[in-house]
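Reader: Hello! I would like a close look at one part of this protein, with a short tour of a few other spots afterwards. Here is what I have in front of me.

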Amino acid sequence: LGTKPILIHRRLLTYGICLPQPTAMSSSEPRPRPAASFSGDLPEDALYEVLLRIPAKELCRLRAVCPAWRALTSDPPFVAAHMSRHRTAAPLLAIAYRDDSEVNGVAISDLSGNVVRRIPVTGYEIVMVNQSGDAVRRISSKDEHDSIRVVRSRLDLVCFHWNVYSRTFWVLNPVTGATLDLPMGHSKELEHELEVQGRKWGCHVEWCAFGKVSSTREYKALRICSIRDRQVCEVITFDDTNHGSWRRKQDPPSRICTGLQMRCVVVDEVVYFLMDFHYTYFETGVIAIEPGSIASFNLEKEEWGVLPGPEQVKRFVQENKKYSYSQLELQLSLAELNGCLVVVHNIHKVSMDLWFLTDFEKGIWVKKYSLPSHVARLFWYPFLMLDDGRIFFSGMDGLEGLLTGGKEGEGFLQSYDPRNDTYADELELRDPRSIGIYTGSVLSL
């Protein structure tokens with residue numbers, strides 16, 4: 001480093017950065033201590049401050065300058081400080097892939113589809129035994145031509161399950177490439193309940209949501225299972241190397257919507273589900289649950305709550321007689337945009353209204369966007385909103401893509417700018433329902 005100070009200064013200036021005078025470090029940005037020593041005309045404090053200002057993508061290229069720069073920019077305290085400084089940077093995507101050799105994995109990429117890292121995952125092999133303990137059948141991901149599906153989350157870990165063998169969920173650490181499989185069995189309380197009822201094998205896993213509790217830094221998963229027409233709830237606490245056991249929790253307050261139509265979303269440490277108002281209406285002929293109502297599960301307190309939806313959504317069918325409650329149910333979905341819970345009311349070929357929850361305690365909703373008819377497409381779901389106002393939608397090319405399970409080329413991620421009503425180039429996806437947001441830094445990969 002000390003032998004080429006002029007060359008290094010020129011490389012830094014290509015990024016429009018002037019070398020600062022050494023200053024005191026902010027208490028929120030811990031000073032890294034890389035193994036390699038610094039030398040030359042550039043003080044360590046100045047180098048640290050300069051590199052901290054450079055975007056992560058360009059900083060990865062600058063690592064080739066010398067071992068000292070690589071050591072500094074790879075040091076965890078520097079990575080943490082860099083992420084804190086660049087909070088408005090566009091996030092990375094976690095996308096499931098399956099190559100020609102039938103190897104499954106997760107690709108970490110930017111919004112343009114440029115892959116930063118591919119992490120292959122190990123397939124499974126299940127041996128089924130009879131009561132005597134003899135093997136009677138073997139099931140493997142390779143024999144089943146199975147593929148993985150990424151659970152939509154916003155974490156520095158990636159959660160996924162297999163499409164055919166969907167009862168078990170895995171957690172992937174993209175930094176280390178290690179995977180952790182969450183227990184397939186149920187909590188002791190639920191196991192006992194099933195045994196008493198004679199339904200040991202009659203519990204079906206419907207959905208699993210993942211989040212992180214900010215106060216404790218713990219990762220938790222909420223699992224919804226069904227026993228005939230009843231839904232039950234379990235929670236587990238885990239990290240990227242260890243897991244505990246499932247714990248039985250209170251049942252949902254009423255029937256909730258699960259599945260792949262984006263009716264479940266995690267915002268901060270709360271899991272939200274659209275409540276299935278049409279199910280009770282179909283069964284009883286009475287609107288027992290107001291349309292658009294939302295069930296919330298707080299991962300920290302591990303408690304359920306009920307949140308009323310936007311008032312206009314509640315009155316939609318009464319004010320628009322040509323629509324039914326079954327149609328309204330298909331029009332509604334949930335999204336997390338800019339850290340807010342959003343109710344999406346997609347009236348096909350008419351409009352797409354985005355209702356933002358601005359006050360959780362008072363249940364205040366604000367319709368910040370009413371997007372035009374050409375945006376209100378079938379199977380189009382808001383996925384991400386950037387600070388500049390652009391909205392990224394994930395979707396499929398019509399009903400065919402939905403029925404085929406999202407084969408390659410049928411799914412896409414496309415950005416729309418509501419300020420000038422324009423679209424940008426789309427990113428093709430094998431399955432647009434198998435995509436999450438990775439909040440870790442590219443500097444760690």
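Leaving aside its neighbours within four places in sequence, which residues is H186 in contact with?

Author: Happy to help! A word on the source first: this is a predicted model, in which local features need pLDDT of at least 70 and side-chain atom pairs count only at pLDDT 80 or more, while totals for chains, interfaces and linings use all residues. Residues are numbered from 1 along each chain as its sequence is written, and side-chain values use heavy atoms, with hydrogens and water left out.

Now to your histidine. Apart from neighbours within four places in sequence, H186 touches R167, E191, L194, C203, R223, C225, E234 and W246, where contact means heavy atoms within 4.5 Å. H186 sits in the loop between strand 10 (179-181) and helix 6 (188-197); helices (H or I, at least four residues) and strands (E, at least two) are DSSP runs, numbered from the N terminus. With a relative accessibility of 13%, H186 counts as buried, a word that means under 20% relative accessible area, with exposed over 50% and partly exposed in between (1.4 Å probe, protein chains only).

Two of these partners deserve a second look. The H186 side chain makes a polar contact with the side chain of R223 at 3.2 Å, and another with the side chain of E234, at 3.2 Å. A polar contact here is a pair of N or O atoms within 3.5 Å; within protein, one must be able to donate a hydrogen and the other to accept it, and residues adjacent in sequence count only if both atoms are side-chain atoms. H186 and E234 are 48 residues apart along the chain, yet their C-alpha atoms are separated by 7.9 Å.

Another buried loop residue is S434, at 2% relative accessibility, in the loop between strand 27 (427-429) and strand 28 (435-438). A polar atom of the S434 side chain lies 2.7 Å from the backbone nitrogen of V150. Beyond neighbours within four places in sequence, S434 is in contact with residues including A94, I95, A96, I148 and R149.

As for cysteines, the count of disulfides comes to 0, a disulfide being a pair of cysteine sulfur atoms within 2.5 Å. C159 is in no disulfide, and the nearest cysteine sulfur, that of C208, is 7.7 Å away. C159 is buried, with a relative accessible area of 1%, whereas C60 is partly exposed at 28%.
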